[in-house]
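Subject: Structure handover

Dear colleague,

I am passing on the structure we spoke about, and below it you will find my notes on what turned up when I went through it. Please read them with the model open beside you.

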Amino acid sequence: MKLIAVCSVLILLLTQCSNSNSQTAQTVTTTKQTMETKNPYYSHTDTNTLDVSNDEWKKVLPDDVYQIMRLKQTERAFTGKYWETETQGNYYCASCGNHLFKSTSKFSSSCGWPSFFEQLNSKSVVFERDTSYGMIREEALCGRCGGHLGHRFDDGPPPTNMRYCMNSIALDFVPDTVK
Ligand SMILES: [Zn+2]
């Protein structure tokens with residue numbers, strides 16, 4: 001009986017393991033396909049501002065990007081893909097492809113989210129006062145599509161003393177080595 005019980009547990013574990021693996025692979029494929037084929041607003045060169053409804057964004061964005069950028073959620077600290085990367089390259093908006101930051105303005109911050117001290121230009125990131133959760137903060141939004149990126153604080157390093165605290169999921173990173 002014991003052996004049967006152990007075997008059952010083992011089979012259950014193996015089944016769960018293979019399920020979660022296939023789900024992850026499927027999600028990655030879906031995300032890639034969505035960005036390339038379903039999102040007509042995504043461009044690294046078009047700088048015209050967008051006025052797109054959340055209903056429309058929901059159709060074209062992967063769900064994780066939609067949750068953060070349109071519903072203003074925050075990814076958990078130390079879980080995003082870019083918080084500790086030091087690779088040289090450029091960061092774009094994950095919703096519309098707008099060029100937001102260069103890696104040369106990224107700095108190591110212990111906060112658990114990718115942090116920058118300077119935006120690419122005056123139009124790449126815009127701001128709104130955010131009084132949610134009983135705090136007064138400066139919300140950072142994509143200058144092209146208005147998507148939520150994160151917040152900006154005034155405790156960053158020189159020369160700007162600013163800290164753009166961004167959600168990794170709101171960023172698309174293109175390393176310099178990719179042509
Ligand atoms: Zn955008």
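**Strand pairing, core and confidence**

In this predicted model, Glu-139 has His-151 as its bridge partner in β7. A neighbouring entry in the same register list is Ala-140, which stands opposite Gly-150 in β7. These pairs belong to strands β6 (residues 137-142) and β7 (residues 148-153), which run antiparallel and are joined by 4 bridges. The two strands form a hairpin with 5 residues between them, and in the turn Gly-146 has a positive phi of about 75°.

On to the next strand: β7 also pairs with β8 (residues 163-166), in the antiparallel sense and over 4 bridges, and here His-151 is found opposite Cys-165 in β8. His-151 is thus named in both pairings, with Glu-139 and with Cys-165.

Taken as a whole, the sheet that holds these strands is open and has 6 strands in the order β3-β4-β8-β7-β6-β5, with antiparallel pairing. Its edges are formed by β3 (106-107) and β5 (125-130), each of which pairs on one side only.

A further open sheet has 3 strands, in the order β2-β1-β9, and its pairing is antiparallel. Because β2 (99-102) and β9 (171-175) stand at the edges and have a single partner strand each, one side of each is left without a neighbour in the sheet. Neighbouring strands in this sheet are turned against each other by 25° on average, with direction ignored. Between β1 (residues 89-93) and β9 the antiparallel pairing extends over 5 bridges, and Asn-90 has Val-174 in β9 as its bridge partner.

As for the interior, the largest nonpolar core contains 30 residues, and those that touch the most other members are Cys-93, Ala-94, Leu-100, Cys-142, Leu-149, Met-166 and Ala-170. Two or more residues of this core come from each of α3 (63-69), β1, β2, β6 and β8. Met-166 may be a useful residue to display, since we can list its contacts: leaving aside neighbours within four places in sequence, Met-166 is in contact with Trp-113, Pro-114, Phe-116, Leu-149, Gly-150 and Leu-171.

For the chain overall, there are 3 helices and 9 strands, and from the N terminus on the elements run α-α-α-β-β-β-β-β-β-β-β-β. Buried residues make up 29% of its 179 residues, and of the contacts with a separation of 6 or more, 55% are between residues 24 or more positions apart.

Finally, a word on confidence. The mean pLDDT of the chain is 84, with 78% of the residues at 70 or more. Confidence is highest in β2, at 98, and lowest in helix α1 (residues 2-38), where the mean is 45. Over residues 1-34 pLDDT stays under 50, and for this stretch the model has 3 contacts beyond four places in sequence. Where pLDDT is low, the predicted coordinates should not be read in detail.

With best wishes

Definitions and conventions
Residues are numbered from 1 along each chain as its sequence is written. This is a predicted model: local features need pLDDT of at least 70, side-chain atom pairs count only at pLDDT 80 or more; totals for chains, interfaces and linings use all residues. Two strands pair if DSSP finds at least two bridges between them. Axes are lines fitted to C-alpha atoms, for helices over the stretch in contact, and angles run from 0 to 180 degrees between N-to-C directions. A nonpolar core is a set of buried Ala, Val, Leu, Ile, Met, Phe, Trp, Tyr and Cys residues joined through C-beta atoms within 7 Å. A residue is buried if 20 or more other C-beta atoms lie within 10 Å of its own, exposed if 12 or fewer, and partly exposed in between; C-beta atoms are placed from the backbone. Two residues are in contact if their C-beta atoms, placed from the backbone, lie within 7 Å. pLDDT is the predictor's confidence in each residue, from 0 to 100.
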